[in-house]
Amino acid sequence: MRRKIDEELIKWKESDNRKSMLIFGARQVGKTYSVMKFSKNYDHFLNINFETNPEAGELFEGDISTDALVEKLRMMYPKVKIRPEETLIFFDEVQFCPRAFTSLKPFTNDGRYHVIASGSNLGTKYRKETSYPVGYVDIVTLYSMDFEEYLWAAGLDEKHIEYVKKCIRETEQIDEFILEIFNERFREYMVAGGMPEVVKGFVEDRSFYKARKKQEVINRMYLEDIGKYAERGDKSRAANCFRSVPNQLAKDNKKFMYAEIDKTTNANSRIYGAAVRWLTDSYHVNQCFNLQNPHIPFEWNAESSSFKLFFHDTGLLMSMMAPQVAWSILNADTYANKGGVAENAVCEALVKNGIMPFYFATKRLETDFIIPMDRDTAVIEVKSGNNKMAKAMHSVMSPMYGVKRGICFENTNIYIDSNGIEHYPLFTASFIHSLERYGWDNIGGNGNEPRQRSEGRESEEKKE
């Protein structure tokens, strides 16, 4: 299946400033598959899996200079020709051999060999690694398949995807027939998710039952990983946090509450904080922090004690809910679960587009998301139905807070209402960069005007 990382890897291979590459990501998102596919661009390929081949770790004892390592690799794997520029060296499950991880620095300094390392839960392992080769690796984070990759897998024509992107960029109505196709595919995507194995099976047999069974296996694997990799005192806590996310998202107030994890103890951040960090570092969940005020830079005024947690893959979230929720989503009853599923899908889309989402909440108002966009900020509301009420959005766009853009993702076509609020179909969050008014070439304030945006159809409020 086509993945966006395919193009990134080709660019990496052809780069004059290539470093060793380190691929982060949750288990089962396709890291190994993508590298194996990419290896076809080389004459020779050496794949070392340190989990299934632990004796390979002995090669990295002692001298790990490039020349020394290459000679030892040639001796252990005589059938593989290890030649500069012609051979791809892949260290898989590198977390089982920290010295192999350390060797990425000398490989980068040497520059003759193409080396990629990857593994499960690297984010948790190397937060504590003292020999992290800062500045000596090209880092790529691979997520489960995004909606556009799902459309490719489902066989949708590229010209239809580009047509929808154009409509988004120019704030024009999408043809109703095409709109319904995209809405239907997005509902499928929310239920089937983007885990490559699940998607591959689903597009072949169209069985949501089989997809759900595969998702349940992956979630069990994640829980097993927690037991294998988490610190001893955090194993059960991280597992409990993981299991509690669906219930927390089902609340009207989706702020993650430690008390909801275990009501039999006095749960707090001191007890569960490390467990939550482990889940975020392992890419199992996306963490969305509340802001003290909705102004950039967000990282400076984020409240570390106030946050929401979302699953990294909405399909995996759905598999932890009753099957009736999935059927409601598929049948276009997007009121299911009070919007928790839709909000998770939007958060997932933002993260996969390289955007770290935040939100803004006070005693009187709460937004779904606040993101940086172009030269300022944008507030995002996710509506699970056709509800146009967005009091929090209007409040943060008032002079008191000064957020410039308001964006609603909901069950609608594209338009801008009389208050300047932009309305888009829910799946549009997956193409969030098409909403940007400025390209990077003129984001520095050189006087260039942003592209013109049409007003679309009149809003329902204006008609009334």
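**Exercise 1.** Which residues form one aromatic cluster with F147?

Solution. The model is predicted: local features need pLDDT of at least 70, side-chain atom pairs count only at pLDDT 80 or more, and totals for chains, interfaces and linings use all residues. Residues are numbered from 1 along each chain as its sequence is written, and side-chain values use heavy atoms, with hydrogens and water left out.
- Apply the pair rule: rings of Phe, Tyr and Trp (its six-membered ring) pair if their centres lie within 6.5 Å; planes under 30 degrees apart are stacked, over 60 edge-to-face, the rest tilted.
- Searching the whole structure gives 30 aromatic pairs.
- The cluster joins F147 with Y150, F182, F186, Y189, F427 and F431.

**Exercise 2.** Classify the pair Y258 and F307, then place both residues.

Solution.
- Centre to centre, Y258 and F307 are 6.2 Å apart, with 75° between the planes: edge-to-face.
- Y258 sits in the loop between α12 (235-249) and α13 (269-281), F307 in strand β7 (residues 302-311), so this pair ties together parts 49 residues apart in sequence. Helices (H or I, at least four residues) and strands (E, at least two) are DSSP runs, numbered from the N terminus.
- Y258 and F307 are buried (under 20% relative accessible area; exposed is over 50%, partly exposed in between; 1.4 Å probe, protein chains only).

**Exercise 3.** Treat F289 and F307 likewise.

Solution.
- Their ring centres are 6.0 Å apart and their planes at 65°, so the pair is edge-to-face.
- F289 lies in strand β6 (residues 285-291) and F307 in strand β7, so parts 18 residues apart in sequence are tied together.
- F289 and F307 are both buried.
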